[in-house]
Amino acid sequence: MRRVSVFGSTGSIGESTLDLIARRSDLKVAVLTGGRNIARLAEQARVHGAELAVTAYEECYRDLKEALADTETAVAAGPAAIAEAGSRPADWVMSAIVGAAGLAPGFAALSQGKILALANKESLVTAGPLLMAEARTHGATVLPVDSEHSAVFQALVGEDVTAVEKVILTASGGGLRDWPLERLALAGVADAAAHPNWSMGQRITIDSASMFNKAMEVIEAHEFFGLAPAQIEVLVHPQSMVHALVGFCDGALMAHLGAPDMRHPIGYALNWPDRADLPVARLDLATVARLDFAIPDPRRYPALGLAQQIMATGGAAGAVFNAAKECALDQFIAGQIRFTDMAAVVADTLENFAARADIGKAPGTLADVLDIDAEARALAEKTGRARNRSASGAV
Ligand code: NAD
Ligand code: MG
């Protein structure tokens, strides 16, 4: 039996992962983790006969314990318990916690020297070089689960990465793609959280509308595939059917197409290095009939310019960027700043951090990354509050 663990099992990626696991009889579920949705986590642990279920919140421990009292599933709570669960023996680990909270269990899983299926892009944006070095040290394999990166990874099978000229990541353009520029500042959470093609968690859906998600993915591609910033392009592709393209030095452009369903990249990582049947819709190109591509407008998507700045700076910049982005997103969701303020909060936080510390200095350990994350969050909160005050005229 192959042992599998799913971190963030109650989320969008976690649910899709368990949907695939449920169709197999050769997998044993070791660990499942979630947040406050205890009823769902307990139900998943029961259905899959998990060995251990962990909630991120200590105050939820009693509820989870009670819900699983008549089962064999062990129960734990708190961030330390989640990190510790990462080092439980497993052959395949899905990292699908959203945000920097996903770092610690992912790093711990690498010490197993097995497969880490990485949906948590924040791990590569904040700590890419450390994560890849940790994987090498333990002989572990990191497999990309982000659809674009899985697409690139698949296009590179059997290829020499030095023959790659460029990679093109596609972006749907998000829920506000067709809004007039001057109205963007008025977009509410519900507007930004409505995705035209993909069904995903609320945070990544809003990040799609701002293209912070794509900015993170550009950095992710830079870190994972070792590509130079100039080799990574972004095209708006409203149909979300071509997930990425790889251009080679002989002029060939290899595209990866498929229906927008995350069970494809998750399933590819689960079956890797083989392919096996997956319950995803097949593309009918004659019905699709046309595929459109366009250059993203930098005025609409300033996050893409920030990604270039982060890659040029290197060092701590990715960790500062991610923390500031997570804070700015919280502030937008809480109604404290406008949609268009998010990029400004991130840019200001980068500048404020650089004024206080050497932002180009690379963090040496995971603990350093988490310190930078905490410092950047404190700065971003201040920046967001100042913006909120000036927007409401109470300067
Ligand atoms: P989601 O919000 O639906 O689920 C997040 C999961 O993380 C839940 O299980 C939640 O309980 C858990 N969680 C949240 N905060 C936590 C914390 N502080 N500590 C521990 N656990 C916590 O998110 P999602 O859309 O499934 O995305 C998960 C990750 O996958 C993100 O990094 C996202 O960028 C990436 N990703 C998602 C998609 C997608 O289609 N949803 C596609 C590509 C990449
Ligand atoms: Mg993606």
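**View 1. Ligand 1 sits between two domains.** Domain 1 (2–144) and domain 2 (150–288) both contribute residues to the shell around ligand 1, so the ligand lies between them; the domain bounds come from an automatic or database domain assignment. Keep in mind that this is a predicted model, where local features need pLDDT of at least 70, side-chain atom pairs count only at pLDDT 80 or more, and totals for chains, interfaces and linings use all residues. Residues are numbered from 1 along each chain as its sequence is written, chains are lettered from A and ligands numbered from 1 in the order in which they are written, and side-chain values use heavy atoms, with hydrogens and water left out.

**View 2. The shell around ligand 1.** Count the residues surrounding ligand 1 and you get 23, the closest being Thr10, Ser12, Ile13, Gly35 and Glu122; a residue is near a molecule if one of its heavy atoms lies within 4 Å of it. By type, the shell splits into eleven nonpolar, nine polar and three charged residues. Here Ala, Val, Leu, Ile, Met, Phe, Trp, Tyr, Cys and Pro go down as nonpolar, Asp, Glu, Lys and Arg as charged, and the others, Gly among them, as polar.

**View 3. Polar contacts to ligand 1.** The side chain of Thr10 puts an N or O atom 2.8 Å from an oxygen atom of ligand 1. Backbone atoms join in too: a polar one of Ser12 is 2.9 Å from a ligand 1 oxygen, and a polar one of Ile13 is 2.9 Å from a ligand 1 oxygen. On its own, ligand 1 has 820 Å² of accessible area, and the protein covers 84% of that. A polar contact is a pair of N or O atoms within 3.5 Å; within protein, one must be able to donate a hydrogen and the other to accept it, and residues adjacent in sequence count only if both atoms are side-chain atoms. Areas are Shrake-Rupley values with a 1.4 Å probe; for residues, only the protein chains shown count as cover.

**View 4. The magnesium ion (ligand 2) and its three carboxylate residues.** Asp146 (OD), Glu148 (OE) and Glu217 (OE) coordinate the magnesium ion at 2.1 to 2.2 Å, and along the chain these donors are spaced D-x1-E-x68-E. Asp146 is in the loop between strand 7 (141–144) and helix 7 (147–155), while Glu217 is in helix 10 (residues 212–225), so the pair ties together parts that are 71 residues apart in sequence. Asp146 is buried at 8% relative accessibility, and Glu217 is buried at 1%. Donors are N, O and S atoms within 2.8 Å of the metal (3.2 Å for Na, K and Ca); water is not among the atoms, so the site may look incomplete. Buried means under 20% relative accessible area, exposed over 50%, and partly exposed in between (1.4 Å probe, protein chains only). Helices (H or I, at least four residues) and strands (E, at least two) are DSSP runs, numbered from the N terminus.

**View 5. Backbone oddities in three loops.** Between helix 9 (202–210) and helix 10, the loop holds Met211, a non-glycine residue with a positive phi near 65°; Met211 is buried at 2% relative accessible area. Ala289, in the loop between helix 12 and helix 13 (303–313), also isn't a glycine but has a positive phi of about 65°. Unlike buried Met211, Ala289 is exposed at 64%. Pro273, in the loop between helix 11 (263–271) and helix 12 (285–288), follows a cis peptide bond from Trp272, with omega near 5°.
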